[in-house]
Amino acid sequence: MDNFTPHVPRSTAQCLAPLDSVEPAMFDVPTGACDTHAHVVAAEPGYPMVEERSYTPPPAPENKYLAMLAATGMSRGVLVQISVYGSDNRYMLDVLRRNPGTLRGVAVVTADISDHELQEMHAAGVRGLRINVLFGGGTGFDAMEKLAARIAPLGWHLQFLMDMRQLPKLMPRMKKLPCPCVVDHMGHMPVSLGLDHPGYQALMQLVTDHGWWVKLSGTYRISDSWQDDYSDVTPLAQQLITAAPDRMLWGSDWPHVSLPRMPDTGRLRNLLAVWAPDNKIRKQILVDNPACLYDF
């Protein structure tokens, strides 16, 4: 396996804003469809960003997020705590509490969080914790065993934002975690390295042998072919769906932070028409699987 050190850019330059319009759906989006990966950023003061952040997003407040869900045909959504707020989950929790029937959350916490705080988050709609080793402001691998043990009784999961080149070395630890686990962005590793790379092979082992979940999201973060709708990602997405259609999730990754150009959120959803042309499989990915994992 090649050596890998996560590159964490140290920049507070403001990111691009998401597009105002989305490409129309190329398939009938089923009722109950869920976007399992998006972020909100407050427009009002009172929610300071951490100094060690890797980027500075523009406001992506609740009303714009809900409008994006509606525009893409989503009935439900999962908010993931954005790294620029560190472990200050207040804004995400505020949005969850205002939308209890349609939204769930994935929080970022430190290992010393109290049981009372976890219970309050559960009541607000949190169903998982994020381990993030790619962007500043996240909680790293050192805390994963302790956090996994804390959240297992709640029925929560751990979600990993990591590059799969790190995975072979971590497999002995990860296979022992006592809670469900989810991998962000199809492993956040360039597909140009090939599906035979040890990182992707380790990911497939976790999916097929250990019941891990994968988010079919962040396509533009692993693709070299923006110009032709990320066609280089199709073999990976199809391999994952074929291996475990009951543990695949779709997420927009809106508002698409820390990118040099802005993708169309509707076009990202439409990739499912290529990756999963069967209506039943798409419904499983968009409706049934998130309903199970996020307790809708």
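Visitor: In which sense do strand E3 (residues 103-107) and E4 pair?
Guide: This is a predicted model in which local features need pLDDT of at least 70, side-chain atom pairs count only at pLDDT 80 or more, and totals for chains, interfaces and linings use all residues. Residues are numbered from 1 along each chain as its sequence is written, and side-chain values use heavy atoms, with hydrogens and water left out. Helices (H or I, at least four residues) and strands (E, at least two) are DSSP runs numbered from the N terminus, and two strands pair if DSSP finds at least two bridges between them. E3 and E4 are joined over 3 bridges, and the sense of their pairing is parallel.

Visitor: Which residue of E4 is the bridge partner of Val106?
Guide: The pairing of E3 with E4 runs over 3 bridges. For Val106, the bridge partner in E4 is Gly128.

Visitor: How many residues of strand E4 (residues 126-132) are buried?
Guide: Buried means under 20% relative accessible area, exposed over 50% and partly exposed in between, with a 1.4 Å probe and protein chains only. Strand E4 is largely enclosed by the rest of the structure, because its buried residues number 7 of 7.

Visitor: Which strands are the edge strands of the sheet?
Guide: The sheet is open and is formed by 8 strands in the order E1-E2-E3-E4-E5-E6-E7-E8, with parallel pairing. Two of these strands each pair on one side only, namely strand E1 (34-38) and E8.

Visitor: By how many degrees are neighbouring strands of this sheet turned against each other on average?
Guide: Axes are lines fitted to C-alpha atoms, for helices over the stretch in contact, and angles run from 0 to 180 degrees between N-to-C directions. In this sheet the direction is ignored, and the average turn between neighbouring strands is 25 degrees.

Visitor: Which residue of E2 stands opposite Ala38?
Guide: E1 is mostly covered, with 5 of its 5 residues buried. It pairs with strand E2 (residues 76-80) in the parallel sense over 3 bridges. Opposite Ala38 in E2 stands Leu79.

Visitor: Which residue of E8 stands opposite Lys215?
Guide: E7 and E8 also pair in the parallel sense, over 3 bridges. In E8, the residue opposite Lys215 is Leu249.

Visitor: At what angle do helix H2 (residues 90-98) and helix H3 (residues 115-124) pack?
Guide: Two packed helices are described by the angle between their axes and the distance between the axes. The axes of H2 and H3 are 9 Å apart, and the angle is about 45 degrees. Angles under 35 degrees count as roughly parallel, over 145 as roughly antiparallel, 65 to 115 as roughly perpendicular and the rest as oblique. H2 is therefore oblique to H3, the packing angle being about 45 degrees.

Visitor: Which residues of H3 take part in the contact with H2?
Guide: Contact means heavy atoms within 4.5 Å. On the side of H2 the contact is made by Leu93, Leu96 and Arg97, and on the side of H3 by Glu120, Met121 and Ala124.

Visitor: How far does helix H6 (residues 198-210) reach from its first C-alpha to its last?
Guide: The expected span of a helix is 1.5 Å times one less than its number of residues. H6 has 13 residues, for which 18 Å is expected, and its reach is close to that value, at 17 Å.

Visitor: Which residue follows H6?
Guide: The buried residues of H6 include Tyr200, Leu203 and Val207. The elements against which the buried residues of H6 pack include helix H5 (167-174) and helix H8 (234-243). H6 is followed by a residue with a positive phi, near 70 degrees, which is Gly211.

Visitor: What is the relative accessibility of His185?
Guide: His185 is placed in the loop between E6 and H6. Its phi is positive, about 50 degrees, although it is not a glycine. His185 counts as buried because its relative accessibility is 2%.

Visitor: To which residue does the cis peptide bond from Trp254 lead?
Guide: The loop between E8 and helix H9 (265-275) holds the residue in question. The bond from Trp254 has an omega near 10 degrees, and it leads to Pro255.

Visitor: What distance separates the C-alpha atoms of Phe141 and Met174?
Guide: Phe141 lies in the loop between E4 and helix H4 (144-151). It is buried, with a relative accessible area of 13%. Not counting residues up to four places away in sequence, Phe141 touches residues including Ile131, Phe160 and Met174. Phe141 and Met174 are 33 residues apart along the chain, and their C-alpha separation is 9.8 Å.
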